[in-house]
Structures are given as structure tokens and as C-alpha cells.
There are 2 protein chains.
Amino acid sequence: MPEKVTIATVATHAQVSRQTVSNVLNAPHLVRQETRERVRAAIDELGYRANQAARQMRTGRSRLIAVRIEPARDGINGWILDRFLHGLTEAAAPAGYRVILYTATDDEQETSTYDDLLASYELDAFVLTSTHRDDRRTEWLAGRGVPFVTFGRPWGAPTIHPWVDVDGAAGTAEATDRLLAAGHRRIGFIGWPAGSGVGDNRRDGWLGALRRAAHDPTGLDRAVLDGVAEGEQAALDLLATARPTALVCASDSLALGALRAVGTRAQSGPSPGASPGPSPGPGPDGRIAVIGFDDTPVAQAVGLTSVGQPLAQAAARCIELLTRLLDDVPGAAAPEHVLLRPHVVIRDSG
Amino acid sequence: MPEKVTIATVATHAQVSRQTVSNVLNAPHLVRQETRERVRAAIDELGYRANQAARQMRTGRSRLIAVRIEPARDGINGWILDRFLHGLTEAAAPAGYRVILYTATDDEQETSTYDDLLASYELDAFVLTSTHRDDRRTEWLAGRGVPFVTFGRPWGAPTIHPWVDVDGAAGTAEATDRLLAAGHRRIGFIGWPAGSGVGDNRRDGWLGALRRAAHDPTGLDRAVLDGVAEGEQAALDLLATARPTALVCASDSLALGALRAVGTRAQSGPSPGASPGPSPGPGPDGRIAVIGFDDTPVAQAVGLTSVGQPLAQAAARCIELLTRLLDDVPGAAAPEHVLLRPHVVIRDSG
DNA sequence: TTGTATGCGTTATCAA
DNA sequence: TTGATAACGCATACAA
């Protein structure tokens, strides 16, 4: 087992005091070049690494960032969080930070976990995911002056903190524009009930694109809970009433259901008396297009075109905002926001 | 902002020395009941929490467990790891441990990250996932006396450490037995090329079940790389040559491909000249059954019957083995192993 | 059963 | 430009 090498070991080795070693690490400009190089050589040679616990005792900063890992409600959230976490861990390392995990079942319990984490580990910051309306966590943290960044906008609340988010509306708009460009004229939308920031945002993108193209969206959208069965039902309903030639969905689950509905319809075939004319009916290329959201493994597996979020990039920006918050003069900088553009990943379905 | 409350604050408040407070926390039996209660009351009242950094300085233990978060090669691994991580975090908390994340692109880089982590944070232990043949990480850690547990058997290597794994063979055997019980006689298997511990193990389960039932497995299995397209090809091939009535697959990706192949075949329908007899052809209930492995969101979404791993349980057992390793007398206990049974989650496809 | 003294490795203050 | 000293909060050996 290798001997424990501390700042004292390095100091002896380089024939300087411990303080000089510390200065080389934390305030190199104070040290004469020659000395600095001698110390650096000793550090390399001995494989010295600063002990975080001791450093923390002195500075009160742990270089630890806490993130909640959620009990995967569904596979999609689990997958997204996993990618985001990976990005976060990867982006944090070069900045000298590590990611520590915690769990919580609800906001209430989460704030009490904050207390615990903060007191025990003196965490430097939090990254909050899954922000939602009436999110009590943000005010709790802000109220205590704990640095944090959210991945997700402060839906409906005044912005008092830095955040990073993906522009869902831009995503569904791009999807819709793409369909319009392909010749589709009646493009439906299957989303969630109004009230969830994320859901409303994604619907808005579709709506805006349709309006810009001067197409009437009336009767072309449905709001259901997330799920494959729900998506299928909504699609069946839409197909029977509004006769869309393409469907944009707020999630891959809904899109998968829609795909199933489209398939069912395709399998049952046109009824004998139906006219073979191109409109109303399937789109320009002869079939009903479906586009999902999130580009999850499910989409990849079934060949579903889907709007993919730049999760690694989002994570990197979170770390960027955080380090700015942590390393710069506190109080001076205003909270910053980053809105990232998602992009359509084209596959078979649209 | 709340004042920093240390052991000294509590001591003053409870009118005892700091040492007595420390004893109440670490060796309660040494303290008179009355005093103990008084101290405990003060702790609660002040909301005291031991500072981990200071404790670590003294004890050399951080109560931190490191786990690698991988760049999701595919959605399935990402999902599994996410669930496992959640289980780990949840099981670790009551034991007084926290999970810290790190990334690494290959084994080589990973061991150098160990060095870093170990020296900087004095990690208590590692949990290794994705063990494989010629895994250099285990000997590295074992060689330095770092406590660790693997989620995954030490494939092909002598066992020198505690591990937890899921009995893949039991899973595919259960799937196969289920199909046999349903009346299937010709049950195929689509897996990966020989050599990967996990893949061979899953194939063995199918093989064993068939042999126990005195059925000939000859010509009924295919080995391909993981993927939907690969699974579809293999299934098509199998269907055309060996005429199985059911397919057990080593992954949900393969199973999804198989499902597609089965559907294609169903859609194209029996050729005019085909006999409608029950054998050879679809199984007892008139269709070709498919069973996947891992019970991923993909399986849930498309109604695929699949073998599900008890990931939360596996994580809990990892923590259990780890705490035993960490909290008990070192050297005395032999490495322990836990093999968990997965179970078939029944859906539409089989 | 309780209290006193010491040191873990680091950085900040200050003096040289 | 460098070095001596103190202090962060805790747990341990030892004394009372």
C-alpha cells in the first residue's frame, strides 16, 4: 500500500514549507517560478493529491454537487435522467466537481434531505431536475442562499435562479414544419392535458407552426395522459374525426400508441367503398406519419422519428452556470438562462 | 441562515463536554441514561448533524461509495443502470452511505480514476457494474485492498471479492418452461456469440430447460450481435429453417426484432398451398410466442413478455455485502456471493 | 461516567 | 517571496 502523501511530504521533498506548496496549488502567482517548478515536480513525482476533506474543513466547500435520482416512474424519464446524469458527471469532473446522488419521494421529503445533505457534506450546489408548477424546492434553496441550477424552466414562477432547458416548442415546431415541407396539410397533435408547463410548451410549438403556415388547427389535437394505450385511443379518435395525414406527439409513448393505431388502420385497409383519392386520407407519400418526442430507446427500436433533446449539452451548460455561480463574485451576476434547441431524429415513421 | 451547529454547540446546550456528545453518538453505552437523553434532546433541538469532513479527517472514512455511470451504449443498459443506481442510492442512505458518480471510457482510464478518487475523497468502497472477462479493475482494487462489490459475476476469473448477480440461466429456463407448459414443442433461442459470460449463461438456461424436457435443441438457436435488425434476421432465418413455435431471446432488442419477423410472417399470411395443420407452424394458441430479456420500457411499450431482473433488490444486496465488508472485522469474513432469480413478466407476446 | 488534550491535512493570516 | 502558526470539527487516548 502506498504511503499517504500529504502537503508536508511534498514540502519536505521540494525543500520548502507546507505553505509554499499550498500556494503553488491555490495561488501560483505568489510563488517564484523556480520554486513553483520544483514543487510541481515533487507533486508529480510523489503523486500528491489534495485531500478534499481537509480542504473542505478549511474552506467550507466540498466540491460536491447533489442530484436527485428518481424512482423511474416510467422508462422514458429513467432514460433521460440517466443520460443527463452521465453528462453532468462528465462535465463536472474537469471543473473539479463530483456528483453525489440522493433520493426523495416528494418535494416535502426532498427539502428535509437538503438539510441533511447540506449539514453533513456542506454541498456546494444542487442541480434540480423535473421542475414543475408550484415547485417548493426552489424557494427553499433560494431562501437559504444555497446555489443551485435547474434543468427545466421555473414554470409559472418568477425566475430567481439560473436554469437550463430544452425548447420543446421549437422541437414540435421543427417536427411540424418538416411534415408541412413533406406536403402534409392536416397535421394532428397528441399531448397532455393543459397545465403542465412542458406539455403546453410542446403543444404551442405545433400550434405555432400550423398558424404560420396558415393551416387551421381546429379539431386536430387531443389531450390525454401519457401512455401507449392513451396515445392509441387518441390517434384512433383523431383519425376517425379529423382525418389527419400526420401526427406529432408530446412523447414517444403517445407516438408509439399512435403508430399502433395507424398500423391497425392500415391493416384493416381501406373499406371497399372508399375512394382511392389522395385526400382526405394518408399523406403525400401514402401513409400517416408519426413523430414522437425524446428520441428514447423505444423510438430507436421501432424506427420512430422523434425529437431528441441535447441532454449532454444541457448537462454541460448546467455545470457551466454552476461554476460561474460558485467561482465568481457572489451577488454580482444576474441569474442566467439557457434554452437549447432539440432536433428531429429522422427514422421510418415520418 | 442558520448558525453552524457543531459538537461544541450541543455540548454547551446540554451542559456537558464535547467528548460526552461524541460518546452519545459513537458509543452511547458509555454515557449515563439521563445525560444521554439530555444530549439527544439538545441534538434534536439544535438540528445538529455531524460534519462528515471532520469525521473523515479523524477516521479516514468518507461514507462515500463510488459507482461508474456509463456512456449509455444503448438504451437498455442505460435504463438498467439507472434503476440499479436508484436502488443503490436508496439502500445506501439508511446505512449512512452516499453514492458518488464517476465516468470512465475504458478499464485503463478507470483504474487511474480510482487513484484520483481514492486519494482525494478517501472513498470507502466501489460498486462495479458490467463485469466482463479479463476485467482488470477487480485485481487492481483487490491488489490495493480497496473494498468493493461487483454487480455481475467475475466471469472466468477466480472469485476474490463479494458479488451480486442475477441468474440469467434461471430466467431463460423459466421462460422456456413456461412455453413448454403452454404446449410449445419447438422453442428457438436467439442470443449473442459465445464468449460473453452473460450471453452464454442465458443460452444455457434455455438449453437446460429443453434437455430436461427431452426436446432436441439442434438447429434451434442463433447467435448474433445485439440489435433489433439482427434479431429480426435471426428470427426470419430460424422461422424459415427450424420452424419454431416460440422464441426465447437474450435481450429485448433481439426480441423486438423477432417480434417484427413474426409479424411480417403473420402479415404475409400462410401461402395458399400451406396446410392449416397445427404443426409445423404457429404454436398451440395459433401464433408464434416471443420472450425477451430485461423487461425494459421497450418491452412494456410493445407488450413484449420479458424476463425482468430484480434490480432494486440486487442493489440492496450490494449495499448489504458492502456494509458487512466495511463495518465488520476485516479479514475474517470470506467473500460472499448472491445470485438473484429473475422472473418472467407476462404480456401479450408469450 | 465525564472531561482534557491532541492531531487529522489543509488554507488563511500575518510576520519575516 | 517565503515561512510560522492557528483553526476548521471531530474522535481518540488518557486522566480524573
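Okay, so let's start right where the two chains meet in a sheet. Strand E2 of chain A, residues 98–102, is joined by three bridges to strand E2 of chain B, also residues 98–102, and these strands run antiparallel. Which residue is the bridge partner of A:Ile100 in E2(B)? It's B:Ile100.

Before I go on, keep in mind that this is a predicted model. For chain A, the average pLDDT is 89, and 90% of the residues score at least 70. There is a stretch to be careful with, though: over residues 266–281 of chain A the pLDDT is below 50, and beyond near neighbours in sequence that stretch has one contact in the model.

Right, back to that sheet. Twelve strands form it, and it's an open sheet with mixed pairing. If you want to trace it on your screen, begin at E11(A) and go through E5(A), E4(A), E3(A), E1(A) and E2(A). From there you step over to E2(B), then E1(B), E3(B), E4(B), E5(B), and you finish at E11(B). Why is one side of each E11 strand left without a neighbour in the sheet? Because strand E11 (337–340) of chain A and strand E11 (337–340) of chain B stand at the edges, and each has a single partner strand. Neighbouring strands here are turned by 20 degrees against each other on average, ignoring direction.

The chains touch in other places too. In total, 47 residues of chain B are in contact with 47 residues of chain A. On the chain B side, the elements giving two or more residues are H4, helix H5 (75–92), E2, helix H6 (107–121), helix H11 (252–268) and helix H12 (297–302). Which of these gives the largest share? That's H5(B), with eleven residues. Sorted by class, this side of chain B has 24 nonpolar, 14 polar and nine charged residues.

Now, the DNA. Let's take strand C to begin with. It is surrounded by 27 residues, and the closest are A:Ile7, A:Ala54, B:Ser17, B:Gln19 and B:Thr35. Helices H2 (18–26) and H4 (52–59) of chain A, and H2 (18–26) and H4 (52–59) of chain B, each supply at least two residues of the surface near strand C. By class, you get nine nonpolar, eleven polar and seven charged residues there.

And DNA strand D? 24 residues surround strand D, and the closest are A:Thr35, A:Met57, B:Thr6, B:Ile7 and B:Ala54. The elements giving two or more residues here are H2 and H4 of chain A, plus H2 and H4 of chain B. H4(B) gives the largest share of this surface, five residues. The classes near strand D come out as nine nonpolar, ten polar and five charged residues.

While we're looking at H2(B), check how it packs against helix H3 of chain B, residues 33–46. The angle is about 90 degrees, and the axes are 10 Å apart. So H2(B) and H3(B) are roughly perpendicular to each other. H2(B) brings B:Thr20, B:Val21 and B:Val24 to the contact, and H3(B) brings B:Thr35, B:Arg36, B:Val39 and B:Arg40. By class, that contact has three nonpolar, two polar and two charged residues.

Last stop: another sheet, this one in chain A. Six strands form an open sheet in the order E7-E6-E8-E9-E10-E12, again with mixed pairing. Which strands are at the edges? They're E7 (221–223) and E12 (343–345), and each pairs on one side only. On average, neighbouring strands in this sheet are turned by 20 degrees against each other, direction ignored. Strand E10 of chain A, residues 305–308, runs antiparallel to E12(A), and three bridges join them. If you zoom in there, A:Ser306 stands opposite A:Val345 in E12(A).

One helix to finish. H10 of chain A, residues 228–241, lies across strands E6 (187–191), E7 and E8 (246–249) of chain A, and it runs at about 150 degrees to E6(A). Okay, that's my tour, thanks!

Definitions and conventions
Residues are numbered from 1 along each chain as its sequence is written. Chains are lettered from A and ligands numbered from 1 in the order in which they are written. This is a predicted model: local features need pLDDT of at least 70, side-chain atom pairs count only at pLDDT 80 or more; totals for chains, interfaces and linings use all residues. pLDDT is the predictor's confidence in each residue, from 0 to 100. Two residues are in contact if their C-beta atoms, placed from the backbone, lie within 7 Å. A residue is near a molecule or strand if its C-beta atom, placed from the backbone, lies within 6 Å of it. Helices (H or I, at least four residues) and strands (E, at least two) are DSSP runs, numbered from the N terminus. Ala, Val, Leu, Ile, Met, Phe, Trp, Tyr, Cys and Pro count as nonpolar, Asp, Glu, Lys and Arg as charged, and the others, Gly among them, as polar. Two strands pair if DSSP finds at least two bridges between them. Axes are lines fitted to C-alpha atoms, for helices over the stretch in contact, and angles run from 0 to 180 degrees between N-to-C directions. Angles under 35 degrees count as roughly parallel, over 145 as roughly antiparallel, 65 to 115 as roughly perpendicular and the rest as oblique.
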